[in-house]
Amino acid sequence: MSKICFHCGQPAEKERITFDEKVFCCNGCRSVYEILNLNNLGNFYELNKNSGIRPDENALEFDYLDTPEIFENITDFSEGETTLVTFKIPVIHCSSCIWLLESLHTLNTDIRYSQVNFTRKTVQISFNHHNLKLSQLAKFLTDLGYKPVISMETADRKEEHWDKSLLIKLAIAGFAFGNGMFFSYPEYAAELLGSNDFWFEKYKNLFRFILFLLSTPVVFYSASDYFKSAIYGLRNKVINIDVPIVLGILVLYGRSIYEVLTDYGPGYFDTLCGLLFFMLLGKFFQKRTYSALSYDRDYKSFYPIAVTKVDFNGKQDNILLSELKIGDRIMVRNHEIIPVDAILISGEGNIDNSFITGESATVTKKPGDKIFAGGKQIGSVLEVEAIKNVDQSYLTQLWNKEAFKKHETGLDTLTNTISKYFTIAILGITLLAGLYWVRIDEEKMWQVVSAILIVACPCALALSAPFTFGHIMRIMGRNKFYVKDTLTIEKLSKVGTLVFDKTGTITQSKKSSITYLGAEIPFFDLQNLKSLLKNSNHPLSKSLYGYMDVEDGYFPAHDFQDVPSKGYSATVRGQQYKIGSGSYNGQTSQNLETAVYISRNDELLGRYIFKNEYRSNLQRLFRKLKGYHVHVLSGDNASEEIQLRNIIPNAEMMSFNQDPEGKLNFIRNLQEQGQKVAMLGDGLNDAGALKQSNVGIAVADDTNSFTPASDVIMNGEKMADLDKYLDLTKDAMTIVKFTFGISLTYNVVGLTIAVLGHMSPLVAAILMPISSISVVAFTSAATWIRSLKYFGRPV
């Protein structure tokens with residue numbers, strides 16, 4: 001009977017438990033096995049025969065997590081019966097870990113969903129805290145073998161410090177390489193001079209033993225990550241790129257020991273130390289670059305939209321979200337996302353937390369209640385006070401939740417497929433080359449085999465797309481075009497159809513010529529209307545708010561009701577007002593005008609007629625977009641169709657009087673015809689169309705009009721540069737193809753030289769990281785040069 005635990009793969013020496021004809025090393029492993037099988041998750045073991053994680057039977061108690069103060073500090077969100085918490089799980093190491101942790105809802109019905117961030121080794125879990133305490137959740141994870149590490153640092157979600165273990169491993173390898181070359185010098189000198197020096201012959205065995213001592217910690221400590229990765233891969237029945245690297249290391253190390261013991265030669269200890277030093281140096285460079293890109297994306301590229309700050313005198317000022325501080329008060333209008341944890345100061349809170357929880361139920365809030373970042377106000381304007389600093393990485397995580405993803409495969413799938421078969425091909429080439437060289441020169445065979453195993457590397461291939469797209473994301477972000485993820489750049493490059501919403505997208509949100517028709521509106525009503533207008537974030541409401549020449553009395557709006565594409569109503573100082581379309585106010589709309597009708601207590605006061613002002617340089621933009629199918633959708637009537645035709649002569653279709661469902665169906669019909677569609681809208685009445693499209697671009701001016709349905713947030717003032725962003729995504733795809741070529745050329749040339757026996761393992765080790773560095777250098781230079789073409793010098 002096997003002595004290896006079926007679950008964790010560790011030796012069952014101290015305790016051996018037999019269950020279901022399988023051996024387990026402890027009750028914890030057996031319990032996990034039972035839980036998985038009872039919940040039909042037995043294919044966990046097909047993904048990963050040995051998870052490599054042993055449950056800690058002596059897990060610490062987590063009861064302190066249920067203390068109100070600790071609970072509030074640890075959790076991301078807690079409203080109604082739903083709580084979100086992010087745990088640090090250091091033992092996450094492979095695809096099976098991710099699969100199991102993202103299947104927690106099938107193990108426990110009180111867990112709604114779980115999402116793993118593999119890079120940061122964290123899992124965010126949504127659960128019902130009425131039925132499952134936070135301490136019970138932590139114990140549940142511990143019993144599964146994934147014990148969370150909980151500290152105030154993890155609760156504060158601070159940026160992680162750099163892992164110093166890689167630096168230590170690099171330093172040890174560098175020390176051994178430098179000293180190894182020193183002790184190898186007499187051997188090389190004697191070989192070059194062809195003389196048998198007396199002192200060298202006397203001390204050569206000592207030198208070789210010192211080289212052995214220097215190389216051993218390098219092989220078993222500095223290279224330990226390669227060994228671990230290879231072992232985990234083999235346990236998962238995957239031959240990853242670290243398998244041939246480990247084979248090359250062991251071949252050189254074993255051959256060196258053999259040569260020294262038999263006095264056949266000095267071995268390759270110095271070469272081995274140099275090999276690992278340069279490999280670790282390349283790995284260090286890659287990690288630092290990835291870390292820099294990740295940090296830049298999470299904290300600088302997203303959510304640079306302005307929010308409306310309110311001082312204690314009621315004065316409003318638009319500031320960047322990144323400038324928002326604890327204690328600042330901001331205004332949150334109807335359908336706006338609350339960007340930071342806050343306390344409600346005034347207004348009737350009706351918060352939709354679907355962005356956070358995935359559930360559409362709303363929660364009523366009163367002044368003094370806490371509101372969590374990510375909630376959306378449905379109703380009248382709120383004034384809230386920030387009680388935490390803006391955590392943009394948390395908002396980014398919400399934006400990238402599964403519910404808002406559009407599942408499409410891209411270059412990452414192609415890269416993974418190539419990498420999978422790449423390693424198998426390399427092992428085959430190594431075997432054939434070894435069989436060939438063993439007949440010709442056995443000594444050289446060891447060098448050839450080692451050189452092939454070391455020099456071949458798909459790392460540059462794997463880095464091509466993420467590094468290129470990462471740089472493009474950063475460049476676009478600096479130019480006010482904020483992309484959700486790297487796949488969005490790839491999807492943008494394939495778009496052939498552009499659909500534009502009119503109001504607030506190709507028209508200016510706050511610039512329009514306004515004329516009033518109707519009876520004179522009393523000053524009392526004008527003040528009330530201005531207070532009501534600020535509750536809406538619709539472009540026409542904003543324009544009308546700025547047009548009314550009265551001071552805002554900041555009067556509260558009660559019983560606020562919003563009807564999409566129609567209008568909204570509320571009671572201000574005892575009077576009920578309706579603002580919206582003619583039909584919403586019981587009137588017949590004039591077909592050739594864009595107008596907002598106003599009524600008080602169901603009695604029409606008049607209407608404001610708008611002549612929209614279109615964004616500058618639109619004619620130039622649409623001339624540049626001749627290669628695209630262009631469509632225009634609008635909830636307004638066709639009063640400005642002639643003007644739109646002059647601005648957009650290449651528009652194939654213009655559809656007016658479109659409600660949100662009509663816009664969504666229009667996008668769907670285009671997709672059914674095989675078209676790749678990008679939708680541009682302000683995110684108000686077109687959120688469904690944005691989500692349905694292949695790429696949804698939310699156009700924002702100076703308000704927090706972010707919608708989670710979008711893939712891109714674009715600053716409205718950059719609308720005229722849309723063609724530049726689209727062209728840059730096509731350039732990004734070209735750059736990726738070039739880097740693919742560089743990587744493939746490197747591998748073909750490197751393998752050819754190695755197979756022919758003209759490359760030493762040390763040279764192979766130097767070339768391996770250089771291939772990755774060359775890709776990074778090329779993508780950095782190429783993306784920078786292309787960005788200069790479109791945007792000039794970096795901002």
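Helices are DSSP runs of H or I with at least four residues, numbered from the N terminus. By that rule, Asn-179 is found in helix 8, which covers residues 165–193. The model is a predicted one. This briefing looks at one residue, two helices and several groups of strands.

**Asn-179 in helix 8**

- Asn-179 has 25% relative accessibility, so it counts as partly exposed. Buried would mean under 20%, and exposed over 50%.
- Leu-214 is 35 residues apart from Asn-179 along the chain. The C-alpha atoms of the two are separated by 8.1 Å.

**The seven-strand sheet**

- An open sheet is formed by 7 strands, in the order 16-28-27-26-17-24-25. Its pairing is mixed.
- Strand 16 (481–483) and strand 25 stand at the edges. Each has a single partner strand, so one side of each has no neighbour in the sheet.
- From one strand to the next, the twist averages 20°.
- Strand 24 and strand 25 run parallel and are joined by 4 bridges. His-631 has Met-653, in strand 25, as its bridge partner.
- Helix 18 (residues 486–494) lies across strand 16, strand 27 (695–700) and strand 28 (712–715). Its direction is at about 100° to strand 27.
- Helix 26 also packs on the sheet. It touches strand 16, strand 17, strand 26, strand 27 and strand 28. Its direction makes about 150° with that of strand 17.

**Helix 24 and its surroundings**

- Helix 24 spans residues 660–672, 13 residues in total. From first C-alpha to last it reaches 19 Å, close to the expected 18 Å.
- Which residues of helix 24 are buried? They are Gly-662, Lys-663, Leu-664, Phe-666, Ile-667 and Leu-670.
- In an α-helix, residues three or four places apart point the same way, because there are 3.6 residues a turn.
- The buried residues of helix 24 pack against four strands and a helix: strand 17 (497–501), strand 24 (629–633), strand 25 (651–655), strand 26 (677–681) and helix 25 (687–692).
- Gly-674 follows helix 24, and its phi is positive, near 90°.

**Helix 16 against helix 26**

- Two packed helices are described by the angle and the distance between their axes.
- The axes of helix 16 (residues 442–455) and helix 26 (residues 722–755) come within 9 Å. They cross at roughly 170°.
- Angles over 145 degrees count as roughly antiparallel. Helix 16 and helix 26 are therefore roughly antiparallel to each other.
- On the helix 16 side, Val-448, Ala-451, Ile-452 and Val-455 take part in the contact. They meet Tyr-746, Asn-747, Gly-750, Leu-751, Ala-754 and Val-755 in helix 26.
- The contact residues divide into 8 nonpolar, 2 polar and no charged.

**Strand 15 and its partners**

- In a regular strand, side chains alternate between the two faces of the sheet.
- Strand 15 (residues 382–386) shows this alternation. Leu-382, Val-384 and Ala-386 point to one face and are buried. Glu-383 and Glu-385 point to the other face and are not buried.
- Strand 9 (residues 329–332) runs antiparallel to strand 15, with 4 bridges joining them. Arg-329 stands opposite Glu-385.
- Strand 10 (residues 342–346) also pairs with strand 15 in the antiparallel sense, over 4 bridges. Here Ala-342 has Ala-386 as its bridge partner.

**The three-strand sheet**

- Another open sheet has 3 strands in the order 12-11-14, with antiparallel pairing.
- Strand 12 (362–365) and strand 14 (376–377) are the edge strands, each pairing on one side only.
- Strand 11 (residues 349–352) pairs with strand 14 over 2 bridges. Asp-352 stands opposite Lys-376 in strand 14.

Methods
Residues numbered from 1 in each chain as written. Predicted model: local features only at pLDDT ≥ 70, side-chain atom pairs only at ≥ 80, totals over all residues. Heavy atoms only, no water. Expected span 1.5 Å × (residues − 1). Buried < 20%, exposed > 50% of the residue type's maximum accessible area, 1.4 Å probe, protein only. Contact = heavy atoms within 4.5 Å. Axes fitted to C-alpha atoms, helices over the stretch in contact; angles between N-to-C directions. Parallel < 35°, antiparallel > 145°, perpendicular 65-115°, else oblique. Nonpolar A, V, L, I, M, F, W, Y, C, P; charged D, E, K, R; others polar. Pairing = 2+ DSSP bridges.
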